[in-house]
Amino acid sequence: MSDQTLNKKRIVFLATDGFEQVELTKPWDAIKSAGAEVVLVSPKDGKIQGMNHDEKADQFTVDQKVSNVSAEDFDGLVLPGGVANPDTLRTCETSVSFIRDFFKQHKPVAAICHGPWTLIEADVVRGRRVTSWPSLKTDLINAGAEWVDEECVCDEGLVTSRNPDDLPAFCDKAIEEFAEGKHAAQTA
């Protein structure tokens with residue numbers, strides 16, 4: 001893939017304490033290498049705690065609070081997993097509204113592992129084909145999604161994957177969707 005695939009694109013990562021570190025760092029590096037400007041936003045200032053499964057990993061400096069940015073400022077959104085991260089984000093109305101606005105603006109969104117939990121709260125999975133960590137299957141089905149057990153699923157600009165093993169396919173498809181830009185059927 002060309003190093004300039006995402007030239008002049010701004011891609012935002014939304015996370016808070018408890019994100020699965022590799023689900024942030026691998027897409028971050030791939031998207032940045034494709035030419036995009038990448039920005040880390042969170043409901044909190046300062047640093048957020050990454051995890052390697054159930055062990056603390058590195059801390060990452062937040063670029064901006066989610067309350068100070070708008071989906072209009074970005075071309076796409078990445079939602080890393082980890083158990084605590086999306087569980088906390090889905091209880092933060094500012095974060096949920098930020099996510100929903102990407103769908104209202106028809107912009108691509110990529111969510112991996114437990115990341116789709118936040119999509120349920122944003123009410124954007126109804127009628128959509130998705131995948132996730134297996135424990136989210138029932139939640140996603142109850143929210144109206146068609147859940148499948150596949151490495152990477154793309155439904156009109158919504159990219160989802162199951163776990164860190166799927167990161168190569170997830171990163172490639174996310175970059176492709178971010179490069180394509182808005183999708184008319186990507187909506188709330």
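In which helix does cysteine 171 lie? Cysteine 171 belongs to helix 6, which covers residues 167-180, and it offers a convenient way into this structure, which is a predicted model. With a relative accessible area of 8%, cysteine 171 is buried, because the limit for that class is under 20%. Leaving out residues up to four places away in sequence, the residues that cysteine 171 touches are Lys26, Pro27 and Ala30. A second cysteine can be placed relative to this one: cysteine 152 is 19 residues away from cysteine 171 in sequence, and their C-alpha atoms are 9.5 Å apart in space.

From this one residue we can step back to the chain as a whole. The secondary structure of the protein chain consists of six helices and twelve strands. The radius of gyration is 14 Å, close to the 16 Å that the globule rule gives for 188 residues, so the protein chain is as compact as a globular protein of that length. Measures of extent can be set beside this value, since the C-alpha trace spans about 35 × 35 × 30 Å along its principal axes. Of the 188 residues in the protein chain, 52% are buried, and the accessible surface comes to about 8,100 Å², with 43% of it belonging to carbon and sulfur atoms. When contacts between residues at least 6 apart in sequence are considered, 67% of them join residues at least 24 apart. As for charge, the protein chain carries 20 positive and 32 negative side chains, and the centres of these two sets lie 4 Å apart.

An annotation can be laid over this picture. In an unreviewed entry, UniProt places the feature "domain: DJ-1/PfpI" at residues 9-177. In the model, the end C-alpha atoms of residues 9-177 lie 12 Å apart, and the span is 32% helix and 28% strand.

The next stop is the start of the chain, where lysine 8 sits in the segment before strand 1. Lysine 8 has a positive phi of about 70 degrees although it is not a glycine, and its relative accessibility of 75% makes it exposed, because that class begins over 50%. Another residue other than glycine with a positive phi is glutamate 156, for which the angle is near 50 degrees. Glutamate 156 lies in the loop between strand 11 (152-155) and strand 12 (158-161), and at 42% relative accessibility it counts as partly exposed.

Two loops that follow strands of the sequence can be read together, since a contact joins them. Threonine 16 is found in the loop between strand 1 (10-14) and strand 2 (19-20), and with 5% relative accessibility it counts as buried. Apart from its neighbours within four places in sequence, threonine 16 is in contact with Ser42, Pro43, Lys44, Ile48, Gln49, Asn85, Thr88 and Leu89. Proline 43, one of these partners, has its place in the loop between strand 3 (37-42) and strand 4 (47-52), and counts as partly exposed at 25% relative accessibility. Seen from proline 43, with neighbours within four places in sequence again set aside, the contacts are Ala15, Thr16, Lys65, Val66, Leu89, Cys92 and Ser95. Leu89 therefore appears in the contacts of threonine 16 and of proline 43, where contact means heavy atoms within 4.5 Å. By contrast with these contacts, proline 43 and glutamine 21 are 22 residues apart in sequence and 17 Å apart in space, C-alpha to C-alpha.

Strand 4 itself contains lysine 47, which counts as partly exposed at 44% relative accessibility. Beyond residues up to four places away in sequence, lysine 47 touches Asp17, Gln59, Phe60 and Thr61, while tryptophan 28, 19 residues away in sequence, lies 17 Å from lysine 47, C-alpha to C-alpha.

The path ends with alanine 188, in the segment after helix 6. At 52% relative accessibility, alanine 188 counts as exposed, and yet it touches Arg100, Phe103, Lys104 and Val124, not counting residues up to four places away in sequence. Arginine 126 is 62 residues from alanine 188 in sequence, with 8.9 Å between their C-alpha atoms.

Conventions:
Residues numbered from 1 in each chain as written. Predicted model: local features only at pLDDT ≥ 70, side-chain atom pairs only at ≥ 80, totals over all residues. Heavy atoms only, no water. Helix = DSSP H or I, 4+ residues; strand = E, 2+ residues; numbered from the N terminus. Rg over C-alpha atoms; globule rule 2.2 N^0.38 Å. Buried < 20%, exposed > 50% of the residue type's maximum accessible area, 1.4 Å probe, protein only. Areas by Shrake-Rupley, 256 points an atom, 1.4 Å probe, with all protein chains shown as cover. Lys, Arg positive; Asp, Glu negative; His and termini not counted. Charge placed at Lys NZ, Arg CZ, Asp CG, Glu CD. UniProt positions renumbered as here; feature names shortened; annotations may be inferred.
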